[in-house]
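Colleague: I'm new to this one, and I'd like to walk through it with you. Could you show it to me before I start asking?

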Amino acid sequence: MKEFSIFLIVFCYSLISASAQSLEIDKMLGAESAKSVEAEMGIYNDDELTEYIASIGQRLVSHLDKSLFEYKFYVVDDPIPNAFATPGGYVYVTRGILSIIVNEDELACVMAHEIIHAQNRHSVKQMGNSILPKLLELPGRIVGQVINEDIGRILTAPIATSNSLLLASYSRSHEKEADEEGVTLASKAGYDPDAMKSILLRLSKSMEILTSQKETKGYFNDHPYTPDRLESITKTSAKLDWEIKDKVSSNFPQPLNSLLFGVNPEKGLFLDNTFIHPTMNFSFQFPDDWHTENKPTSVNGMNKDQSAALFLGLDDASKSPQALAEEFIAGIEKEHGVKPIFSDHSKINNYDGYLVSYLDKSDKKQMYIHTLWLKMDGKIFKVIGIGPKSAEDELKRSVLSFHPLTDKEKSTIKKQLIRVVESKADETFDQICKRYNCVISSDLIAFINGMNPTSKLKEGTLVKLIVEESYFN
């Protein structure tokens, strides 16, 4: 069944890619992808910033010869510097790329690039690094059903979202086309086309910082080498006849003031392998050295040899843990004719729950599936542990670790924000960072402002700083 599900999804996407003639296909894919972007990455909730981004986007779209779509613009709640478009005119910029942009011209060039990808209907291939494809390789018929149906409800159709159109991957020719037509579009809207070069250089440098790897000729397999892109953009810009127009914001980077920097605690965060969720008020300890991931719909982990996995999510709070367990048991019995090896009420740290355990013998590697429903603070938490007998102790310790946040845990949760401040005359980055207690180095502060670390600032220069505050004020 799970092999057929995967085949069906891949086949459908292949068919759509091969026959995409109608704009309705772009719109359909875009609408579905938008749901996946929201589920997988999350949309950043800042009305003023979103309106600012949309204003730039619509200004660019107004200069298209003929807009094919009703374009929509969003800020993605992701700290990685990136921008992408999905079919049908959905354009996204991440918090991460906004943090390294130093003027509106750069932002407009990045957005114009993505508009061209959508406008020219470039092929889109999703690239994911989820643990879910590995999970599908775990043996056993009951395991397969739990992964496809039960965990699927937690993860909002994991197979579909892991193959959805989230992060764009285009051919080098399409990237070149988006670069050249993107800077042309930006110039028509009154933006400096050469600003694309400065943000590309900063983006390349930021990836070097994040990955500790210097960009080489094959660094991005799906992108042209940055120096080659710069050369192409320079040639295109030299041919353009354009006029500077007033910006949407007259005091950039002020629109980025209070923008969250780095991890968003509101979505939960890992401190080592302890997962803490301040808004849902719980803490959960994954086994040491496990690979973990935090998604808007769940938090997941898998051990190094990929033989065991843990999933934590929410279930229907209108039902009791026992009712949900009984529905689960009935489904397994109907599909496989198998009864659980254990099924009874359970109590974890004084919270009522219900635990159901199965032994899947359908493969030579026998697997245990433990599912716990736990009622806490009006929510039903659902924990699924899958693994061989040897992993039982680790799975049990993790489940027993589930508890409401303590005051000590709450005190460890911090958030980092961009603060836009005015410099003093001849102030250095070292000095302004000390004055505002920056939490990253002055060299990096200079970098995200597009300046030399040794520069002396003019009085009143607007500077982006990164400061830290307690999440629970």
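The questions and answers below go from the whole chain to single residues.

Colleague: How many helices and strands does the protein chain have?
Modeller: A word of caution to begin with: this is a predicted model. The protein chain has 473 residues, and 50% of them count as buried. As for its elements, the chain has 16 helices and 18 strands.

Colleague: Among contacts between residues at least 6 apart in sequence, what percentage join residues at least 24 apart?
Modeller: Contact here means heavy atoms within 4.5 Å. Of the contacts in the protein chain between residues at least 6 apart, the share that joins residues at least 24 apart is 68%.

Colleague: And what percentage of the accessible surface belongs to carbon and sulfur atoms?
Modeller: The protein chain has an accessible surface of about 22500 Å². The part that belongs to carbon and sulfur atoms is 51%.

Colleague: Which element gives the largest share of the largest nonpolar core?
Modeller: That core has 63 residues, and among those with the most contacts inside it are Leu49, Leu98 and Ile445. Ile445 touches, among others, Phe429, Cys433 and Leu465. There is also a second, separate core of 20 residues, which includes Phe282 and Phe381. Back in the largest core, 9 residues come from one element, and that is H5.

Colleague: Is Asp105 buried or exposed?
Modeller: Asp105 sits in helix H5, which spans residues 104-119. Buried means under 20% relative accessible area. Asp105 has 12% relative accessibility, so Asp105 counts as buried.

Colleague: Which residue has its backbone nitrogen 2.8 Å from a polar atom of the side chain of Asp105?
Modeller: Leaving aside residues up to four places away in sequence, Asp105 touches Tyr191, Asp192, Ala195 and Lys247. The backbone nitrogen that lies 2.8 Å from a polar atom of the Asp105 side chain is that of Asp192.

Colleague: Why are the buried residues of H13 on the same side of the helix?
Modeller: Helix H13 covers residues 392-400, and Glu392, Leu395, Ser398 and Val399 are buried in it. The face turned away from that buried side carries the exposed residues Asp393 and Arg397. The buried residues lie on the same side of H13 because they cover an arc of only 130° around the axis.

Colleague: Which strands are included in what covers the buried residues of H13?
Modeller: Leu395 is one of the residues in H13 that are buried. The cover over the buried residues of H13 includes strands S7, S10, S11, S13 and S14.

Colleague: How many of the 9 residues of S14 are buried?
Modeller: S14 and S10 are antiparallel, joined by 7 bridges, and Ala309 stands opposite Ile386 in S14. S13 and S14 are also antiparallel, with 9 bridges, and Tyr368 has Gly387 as its bridge partner in S14. S14 is largely enclosed by the rest of the structure, because the number of its 9 residues that are buried is 8.

Colleague: Which residue takes a positive phi in the hairpin of S13 and S14?
Modeller: This hairpin has 2 residues between the strands. The residue with a positive phi, near 50°, is Asp377.

Colleague: Which are the edge strands in the open sheet of 3 strands?
Modeller: The order of this sheet is S4-S15-S18, with antiparallel pairing. S15, residues 414-422, pairs with S18 over 9 bridges, and in S18 the bridge partner of Lys415 is Glu469. An edge strand here pairs on one side only, and the edge strands are S4 and S18.

Colleague: Where is Pro253?
Modeller: The peptide bond from Phe252 to Pro253 is cis, with omega near 15°. Pro253 is placed in the loop between helix H11 and S4.

Colleague: Is Asp426 buried or exposed?
Modeller: Asp426 is not a glycine, although its phi is positive, about 65°. The loop between S15 and strand S16 is where Asp426 is found. Exposed means over 50% relative accessible area. With a relative accessible area of 53%, Asp426 is exposed.

Colleague: Last one: what is the relative accessible area of Asn437?
Modeller: Asn437 has a positive phi near 55°, again in a residue other than glycine. Asn437 lies in the loop between helix H15 and helix H16. Asn437 is exposed, and its relative accessible area is 59%.

Key
Residues numbered from 1 in each chain as written. Predicted model: local features only at pLDDT ≥ 70, side-chain atom pairs only at ≥ 80, totals over all residues. Heavy atoms only, no water. Pairing = 2+ DSSP bridges. Helix = DSSP H or I, 4+ residues; strand = E, 2+ residues; numbered from the N terminus. Buried < 20%, exposed > 50% of the residue type's maximum accessible area, 1.4 Å probe, protein only. Areas by Shrake-Rupley, 256 points an atom, 1.4 Å probe, with all protein chains shown as cover. Polar contact = N/O pair within 3.5 Å; in protein donor to acceptor, adjacent residues only side chain to side chain. Core = buried A, V, L, I, M, F, W, Y, C linked by side-chain atoms within 4.5 Å. Arc of directions from axis to C-beta.
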